[in-house]
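I set out to record what I looked up in this structure. The entries are kept in the order in which I made them.

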Amino acid sequence: MLLSKLFGKTQREIPAEADTVSHRLLLKSGMIRQLAAGIYTYLPLAWRVIGKIEAIVRDEMNKAGGQELSMPVLQPIELWQKTGRDLAFGKGLFTLYDRKERQLAMGPTHEEVITELVSYNVQSYRDLPLLLYQIQTKFRDEPRPRGGLIRVREFIMKDLYSFDADDEGLAQSYDKMLNAYRNLYARCCLPAILIEADSGAIGGKDSHEFMVISESGEDEFIYCDGCKYAANVEKATSVKDKAESKQPLPAEEVATPGYQSIGEVSNFLGVPARQTLKAVFYIADKELVFIAIRGDIEVNETKLKNLLHCTELRMAGEDEIRAAGIVAGSASPVGLKDIKIVADESVTSGTNFVAGANKADTHLKNVNYNRDFKANIVADIALARAGEVCPRCGGRLLSAQGIEIGHIFKLGTFLSEKLGAYYIDASGISRPIVMGCYGIGIGRLMAAIVELNHDDKGIIWPMSVAPYLVYLCPLYTENDEVVKAAENLYAELEKLGLEVLFDDRTESPGIKFNDADLLGIPLRVTVSPRTLEKGSVELKLRTEKNTELVPLDAAVEKIKKLVSDTQADSQFT
RNA sequence: CGGGGUGUGGCGCAGUCGGCUAGCGCGCAGCGUUUGGGACGCUGAGGUCGGAGGUUCAAGUCCUCUCACCCCGACCA
């Protein structure tokens with residue numbers, strides 16, 4: 001490809017709104033352009049990268065036994081109503097009306113469509129297992145797109161759906177995908193970390209995410225160096241410092257004039273925060289819920305939401321709390337009636353807590369669970385934090401910020417039951433098909449690769465996904481010798497099928513080198529009067545600092561070797 | 001949805017107390033001189049100042065409404 005003909009220009013300056021590394025570099029290199037919030041055009045260079053990532057993903061899916069197909073973007077809303085997931089997605093669903101006033105959803109994912117399809121095509125256990133996948137554009141009206149390609153509203157996604165006769169079959173399919181994912185990330189030079197995850201709106205039981213550590217990521221996960229434990233904060237559990245466990249003392253009121261927050265109250269009374277109980281109020285699908293949790297622990301809203309089986313959960317406003325007759329600042333589960341109380345496990349294991357008294361400027365000392373109050377539900381709704389103790393091995397937990405580059409789910413049978421996807425087993429009994437689904441955001445993957453492979457000069461594409469492998473860079477293009485040598489090289493490399501970006505522009509060396517670095521093409525080949533004087537060309541890998549002079553007649557061989565060597569390397573990173 | 005911010009050529013920005021023809025840098029086009037890490041000179045093209053309404057002799061500048069985008073939060077496979 002001649003650079004002079006390539007559509008898309010590198011930018012000297014970039015829009016101020018770009019704040020993540022990948023967003024900046026993809027804009028500066030002229031590879032993407034934003035059309036609206038979370039909606040991007042991929043220019044030719046980016047599209048080549050996308051194509052290469054897709055090819056790797058496709059290859060791994062096929063190797064695992066997947067069959068590719070394509071499904072509609074436009075999906076009747078009734079299909080979503082059947083599974084109830086129109087509510088789970090809520091406003092995240094892009095919808096529109098056709099001329100007959102029928103409502104359609106722009107597919108945010110395709111479990112409904114594929115399950116409907118499979119229900120039609122599968123009747124017998126002999127038809128199972130089945131792995132079907134698609135690589136398509138999906139739509140989600142995210143409340144806040146961000147980070148360039150990290151979180152968008154229109155995105156290319158690979159989704160594979162597995163269909164098995166039973167849980168054991170599902171476990172096998174799940175393992176196959178786990179394996180395929182590991183391979184594919186390795187091929188893309190991404191050090192992906194497998195973590196336990198919450199399954200969110202999609203439902204189901206087991207779920208894992210693949211994360212890549214990056215400050216541009218929007219997920220936090222907790223992990224342990226001692227063992228393999230790693231989980232999204234939404235899901236993570238931890239062992240907290242113990243509260244005291246002594247003989248319960250008689251409860252007594254104490255005056256706490258003007259002290260409301262846990263910090264203030266524990267300070268004033270000289271009691272550690274873990275010996276206090278705090279009250280937090282949520283509105284779960286319009287119902288006010290009282291949360292009792294130890295003062296030093298935060299509520300994990302994901303756990304709470306799952307526990308309450310609600311679709312909408314938010315913190316209650318002060319007026320809503322007051323309307324329920326509760327004294328904000330001194331709220332207490334003690335003596336409370338007619339309000340659902342959810343207690344974190346932490347409140348049941350300690351003794352003699354300080355809690356509110358439901359009376360202004362007053363708290364209660366020596367409050368004990370069971371004796372002084374009871375909860376409707378007791379469960380783990382605590383947020384795990386770095387520094388706490390690992391639930392598996394007793395080590396110290398750490399936390400990291402990351403980009404979610406893959407999410408896999410054991411769905412089970414709830415979708416097949418709702419959509420009538422049943423099969424007849426060997427003994428002639430009708431059973432629901434057991435499902436799994438396995439997603440990867442292709443564009444986000446590209447952004448993640450940039451996040452993890454760059455320097456202050458620009459992108460450093462791994463050979464496996466680079467838009468071109470060789471950046472052919474003649475200097476002093478008014479020099480006929482240079483042009484001739486470069487054109488010969490170009491022809492020979494093209495003949496070998498190597499993808500070459502030929503910088504045929506009459507620009508100064510500085511501009512050419514800087515563009516080469518910015519675009520991140522793995523191998524730069526410089527031809528100039530200086531190199532030709534020695535009958536050579538200069539080779540430089542984007543990953544390396546130093547350059548190497550190679551005789552003209554050996555150049556093609558050497559380039560070929562460098563390209564295939566690094567490509568092979570990258571598969572095992 | 002709550003909080004904060006920004007909208008002026010393709011990109012980055014300036015524009016005072018309302019004042020006359022809306023500027024600068026980059027990029028773009030032409031010519032010439034240059035050239036191993038973003039050269040220089042000259043010439044030139046390119047603008048509904050986000051939009052609507054208002055105040056005024058006069059609005060990029062003031063007022064009202066509105067739209068878009070960004071950041072934090074909520075939210076989010």
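The notes below take up the RNA surface, the helix packing and two backbone details.

**Entry 1. Basis.** I worked from a predicted model, in which local features need pLDDT of at least 70 and side-chain atom pairs count only at pLDDT 80 or more, while totals for chains, interfaces and linings use all residues. Residues are numbered from 1 along each chain as its sequence is written, chains are lettered from A and ligands numbered from 1 in the order in which they are written, and side-chain values use heavy atoms, with hydrogens and water left out.

**Entry 2. Surroundings of the RNA.** I looked up which residues are near RNA strand B, that is, have a heavy atom within 4 Å of it. There are 50 residues around RNA strand B, and Thr-109, Arg-140, Met-157, Asp-517 and Ser-528 come nearest. I then divided this surface by class (Ala, Val, Leu, Ile, Met, Phe, Trp, Tyr, Cys and Pro as nonpolar; Asp, Glu, Lys and Arg as charged; the others, Gly among them, as polar). The result was 19 nonpolar, 10 polar and 21 charged residues. On the RNA side, sugar or phosphate accounts for 51% of the strand B atoms within 4 Å of the protein, and bases for the rest.

**Entry 3. Atom pairs at the RNA.** I noted pairs of N or O atoms within 3.5 Å, the limit for a polar contact. The side chain of Asp-517 places an N or O atom 2.3 Å from a base nitrogen of RNA strand B. For the side chain of Asp-515, the distance from an N or O atom to a base nitrogen of the strand is 3.3 Å. The side chain of Arg-151 has an N or O atom 2.7 Å from a sugar or linking oxygen of RNA strand B. Elements giving two or more residues to this surface include β1 (32–36), β8 (154–164), α8 (301–308) and α14 (509–519). Helices here are DSSP runs of H or I with at least four residues and strands are runs of E with at least two, numbered from the N terminus. The largest share, 7 residues, comes from α14.

**Entry 4. α2 with α6.** I took axes as lines fitted to C-alpha atoms, for helices over the stretch in contact, with angles from 0 to 180 degrees between N-to-C directions. Helix α2 (residues 44–63) packs on helix α6 (residues 167–187) at about 150°, the axes being 9 Å apart. The two helices are therefore roughly antiparallel, a term for angles over 145 degrees. Contact means heavy atoms within 4.5 Å. Among the residues that meet are Ile-56, Val-57 and Met-61 in α2 and Met-177, Tyr-181 and Leu-184 in α6. By class, this contact has 7 nonpolar, 1 polar and 4 charged residues.

**Entry 5. Partners of α12.** Which helices did I find against α12? Helix α1 (residues 21–28) packs on helix α12 (residues 442–452) at about 100°, with axes 8 Å apart. That makes α1 roughly perpendicular to α12, the range for this word being 65 to 115 degrees. Leu-25 and Leu-26 of α1 and Met-446 and Val-450 of α12 are among the residues in contact. The axes of α2 and α12 come within 10 Å and cross at roughly 110°, so this pair is also roughly perpendicular. The contact of α2 with α12 has 9 nonpolar, 1 polar and 1 charged residues.

**Entry 6. Backbone.** Most residues other than glycine have a negative phi, and most peptide bonds are trans. I noted that the peptide bond from Leu-128 to Pro-129 is cis, with omega near -5°. Pro-129 lies in the loop between α5 (111–121) and β7 (130–139). Cys-189 has a positive phi, near 60°, and is found in the loop between α6 and β9 (193–196).

Methods:
A polar contact is a pair of N or O atoms within 3.5 Å; within protein, one must be able to donate a hydrogen and the other to accept it, and residues adjacent in sequence count only if both atoms are side-chain atoms. Angles under 35 degrees count as roughly parallel, over 145 as roughly antiparallel, 65 to 115 as roughly perpendicular and the rest as oblique.
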